[in-house]
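Biologist: Please take one part of this model and go through it closely. I would like to know what surrounds that part and how the chain gets there.

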Amino acid sequence: MSRARAARYGAGPLGPGRMGPSEAQIVVIAKEPVPGRVKTRLTPPFTPCEAAALAAAALEDTLRTVSRVPAARRVLALDGTAGAWLPEGFTLLPQRGSGLDERLAAAFDDAHRLLPAPVVLIGMDTPQVTVAMLATALSLLGPYDAVFGPATDGGFWLLGLRVPNPALLLGVPMSEPTTGEIQLRRLNEAGLSIATMPRLTDVDTPADVFAVAALTPRSLFAAALAGTGTP
């Protein structure tokens, strides 16, 4: 019988085993924001250059937020070359693997091998994420084996593992409406105790761009959208 149990963020005290966020690490997995290589689903109405500018702003907002979280280490697992948008204090690791499931598994594995501490991984598509959310996710890896952040498109925006294991990710179909459901099932079938974070919207479609920018009117992402002149 599985020993899986679930808790929702903000549900109250979690009892013994809670740890501070500075005892775990954050990994951001991202792609260099090059026109024609990122956010291709945003064209049209945005041009490839505008889509890349939106991606760059989302990435920079995310990295700025991560830099303010009291983590044991901050890592950027990057496909491409880092630019001036990368703040100080990040360990830069190249992505490995072909499919996204392989790249996620490798990012967990590489980060944990270099620093054997719990890992919270996020992408570059949720510039609305807050310091409080990430600090909570890190802390939850004390009493729980895993932390899962569902996305409104059926995927997930955050995954935290106290002890990463590539088998938890390899073979999970990515970028599908059922990705989050299948990933969560994989965690449950492994017998992990799981805490659930709030559901967030990944920026994947033009509608997502406007929705997320409205949530973060003072962000670089909102400014990038305003700069496109797209109504």
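Modeller: What follows is a walk through one strand, its neighbours and the core around them. The model is predicted.

The part chosen is strand β3, residues 73-79. Six of its seven residues are buried, so β3 is largely enclosed by the rest of the structure.

Start with the strand partners. On one side, β3 pairs with strand β2 (residues 25-31); the two are parallel and share seven bridges. One such pairing sets A30 against L78 of β3. Between these two strands the chain passes through helix α1, giving a β-α-β crossover that is right-handed. Strand β4 (residues 90-94) also runs parallel to β3, joined to it by five bridges. Here A77 has L93 of β4 opposite.

Next, the helix in that crossover. Helix α1 covers residues 48-67, which makes 20 residues. From first C-alpha to last it reaches 28 Å, close to the 28 Å expected at 1.5 Å a residue. Its buried residues include A51, A55, A58, T62 and V66. An α-helix has 3.6 residues a turn, so residues three or four places apart point the same way. Also buried in α1 are, among others, A52, L59 and L63.

Then the packing. The largest nonpolar core has 35 residues, and those touching the most other members are L76, I122, L134, W157, L158 and M197. At least two residues of this core come from each of β2, α1, β3, β5, α3 and β7. Helix α3 gives the most, seven residues. I122 shows how these pieces meet: leaving aside residues up to four places away in sequence, I122 touches V27, V28, I29, T62, V66, L134, W157 and L158. Another core lies apart from the largest one; this other core has 24 residues, including V27, V75, A107 and F156.

Last, the helix that gives the most to the largest core. Helix α3 spans residues 131-140, and nine of its ten residues are buried, so α3 is largely enclosed by the rest of the structure. Among the buried ones are M133, L134, L138 and L140, and the polar T136 and S139 are buried as well. The cover over the buried residues of α3 includes β2 and α1, along with β5 (119-122), β6 (146-150), β7 (156-161) and β8 (194-196).

To return to the strand: β3 has β2 as a parallel partner and β4 as another, and β3 supplies at least two residues of the largest core.

Terms used:
Residues numbered from 1 in each chain as written. Predicted model: local features only at pLDDT ≥ 70, side-chain atom pairs only at ≥ 80, totals over all residues. Heavy atoms only, no water. Helix = DSSP H or I, 4+ residues; strand = E, 2+ residues; numbered from the N terminus. Expected span 1.5 Å × (residues − 1). Buried < 20%, exposed > 50% of the residue type's maximum accessible area, 1.4 Å probe, protein only. Pairing = 2+ DSSP bridges. Right-handed = clockwise from strand over helix to strand, strands pointing away. Contact = heavy atoms within 4.5 Å. Core = buried A, V, L, I, M, F, W, Y, C linked by side-chain atoms within 4.5 Å.
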